[in-house]
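Hello,

Here is the structure I promised to pass on to you. Please open it beside this email, and then read on for what turned up.

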Amino acid sequence: MNFHLILFLAFGAVCVAGAINLLAQRHPINSALSLITVMAALAGEYLLLGAEFVAAVQVIVYAGAIMVLFVFVIMLLNAGEEEHTKGSRIAVLFGVPGMLIGSVLMAWVVLRHSGTESVPVGALPGSPRDIAQLLFHDFLLPFEVTSVLILIAIMGAVVLANKPERSAGEAD
Amino acid sequence: MGASYIPLSYYLLLSGFLFACGVVGFLIKRNIISIFMSIELMLNGVNLSFVAFAAHWHALAGQIFVFFVMVVAAAEAAVGLAIIISVYRTRETLNVDQVNLLKL
């Protein structure tokens with residue numbers, strides 16, 4: 001057992017524990033914090049694969065920006081513990097066994113068809129320099145379209161989260 | 001560097017497990033924010049398999065895809081959370097069982 005495999009298993013264990021904790025917790029803020037744990041451990045996995053840029057972006061954008069947005073909304077709306085209803089019990093009754101069967105099937109297929117293929121650790125040049133070469137030459141058009149997407153998303157968020165203004169002059 | 005190898009199936013299993021956890025969370029969670037976080041978990045699981053395959057086939061384009069997935073996830077989170085705030089303002093609840101009508 002080499003050192004990289006031990007690292008992979010350690011980060012993977014943190015990922016699995018965080019994902020299960022996300023499901024087990026009732027309060028959204030606890031779920032959010034365990035999701036941050038999963039994302040940080042995934043950044044470790046990316047680093048192990050040699051994808052330095054993706055690992056950095058994972059920490060900064062995902063664990064940083066997006067999850068801060070989540071935590072902010074949870075606190076803004078003062079979300080409490082979720083109560084169990086009839087619908088949720090039915091969902092647990094059918095969802096968990098169904099997904100267990102699904103994941104066992106998926107694991108069976110992966111293990112059966114994967115053979116002895118392996119991933120070289122740290123062999124992929126994933127530094128920001130290489131990513132930028134590819135991003136600004138071959139993927140320039142998708143990159144620019146993405147900026148339009150972000151612009152639309154920002155405007156949509158502002159419009160949606162805005163307070164619905166009462167029309168002026170009407171008595172309310 | 002490059003001397004040690006990790007089987008590709010390990011990465012795929014971890015990725016599949018994260019995705020399955022996301023699907024289970026999507027099904028069993030009743031809080032709309034928790035459901036939204038389950039979607040993020042699914043996206044993360046897919047990203048891991050993207051990076052693993054990129055390393056496996058020495059194709060850097062796989063990491064570019066992860067970058068785009070992250071951008072779309074960020075846009076989705078911004079719009080989705082704005083929708084959640086808007087829903088909470090009109091319904092005053094975050095439970096999806098009570099948000100079952102399109103009209104107010």
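Below are my notes on chain B, taken alone and then together with chain A.

Please keep in mind as you read that this is a predicted model.

**Chain B by itself**

The secondary structure of chain B amounts to 3 helices and 1 strand, and along the sequence they come in the order β-α-α-α. The C-alpha trace spans about 60 × 25 × 20 Å along the principal axes of chain B. Its radius of gyration is 18 Å, whereas a compact globule of 104 residues would have one near 13 Å. Of those 104 residues, 50% count as buried. If you look at contacts in chain B between residues at least 6 apart in sequence, 47% of them join residues at least 24 apart.

**Helices 2 and 3 of chain B**

How do helix 2 and helix 3 of chain B pack, and at what angle? Their axes are 9 Å apart and the angle is about 175 degrees. Angles over 145 degrees count as roughly antiparallel, so helix 2 of chain B is roughly antiparallel to helix 3 of chain B. On the helix 2 side the residues that meet helix 3 include B:Ile32, B:Phe36, B:Leu43, B:Phe50 and B:Ala54. Among their counterparts in helix 3 of chain B are B:Gly62, B:Phe65, B:Val69, B:Ala73 and B:Ile84. By class, this contact has 14 nonpolar, 4 polar and 1 charged residues.

**Where chain B meets chain A**

The contact between the chains takes 77 residues from chain A and 63 residues from chain B. On chain B, strand 1 (5-7), helix 1 (8-28), helix 2 (32-57) and helix 3 (61-91) each supply at least two residues of the side that touches chain A. Helix 3 of chain B gives the most to that side, with 21 residues. Sorted by class, the side of chain B that touches chain A has 47 nonpolar, 13 polar and 3 charged residues.

The strands take part too. Strand 1 of chain A (residues 118-120) and strand 1 of chain B run antiparallel and are joined by 3 bridges. Within that pairing, B:Tyr5 is the bridge partner of A:Pro120.

Helices also pack across the two chains. Helix 2 of chain A (residues 28-48) packs with helix 2 of chain B at an angle of about 5 degrees, and their axes are 10 Å apart. Angles under 35 degrees count as roughly parallel, so helix 2 of chain A is roughly parallel to helix 2 of chain B. From chain A, the residues making this contact include A:Pro28, A:Leu35, A:Met39 and A:Tyr46. From chain B they include B:Ile33, B:Met37, B:Leu41 and B:Val51. This contact has 12 nonpolar, 3 polar and 2 charged residues.

**One residue to look at**

If you would like a place to start, try B:Ala74, in helix 3 of chain B. Is B:Ala74 buried or exposed? A residue is buried if 20 or more other C-beta atoms lie within 10 Å of its own, and exposed if 12 or fewer do. B:Ala74 has 18, so it is partly exposed. Leaving out residues up to four places away in sequence, B:Ala74 touches A:Val61, A:Ala65 and A:Ile66. B:Ala74 and B:Glu40 are 34 residues apart in sequence, and their C-alpha atoms are 9.7 Å apart in space.

Happy browsing, and best wishes!

Note on methods:
Residues are numbered from 1 along each chain as its sequence is written. Chains are lettered from A and ligands numbered from 1 in the order in which they are written. This is a predicted model: local features need pLDDT of at least 70, side-chain atom pairs count only at pLDDT 80 or more; totals for chains, interfaces and linings use all residues. Two residues are in contact if their C-beta atoms, placed from the backbone, lie within 7 Å. Helices (H or I, at least four residues) and strands (E, at least two) are DSSP runs, numbered from the N terminus. Ala, Val, Leu, Ile, Met, Phe, Trp, Tyr, Cys and Pro count as nonpolar, Asp, Glu, Lys and Arg as charged, and the others, Gly among them, as polar. Two strands pair if DSSP finds at least two bridges between them. The radius of gyration is taken over C-alpha atoms; the globule rule is 2.2 Å times the number of residues to the power 0.38. Axes are lines fitted to C-alpha atoms, for helices over the stretch in contact, and angles run from 0 to 180 degrees between N-to-C directions. Angles under 35 degrees count as roughly parallel, over 145 as roughly antiparallel, 65 to 115 as roughly perpendicular and the rest as oblique.
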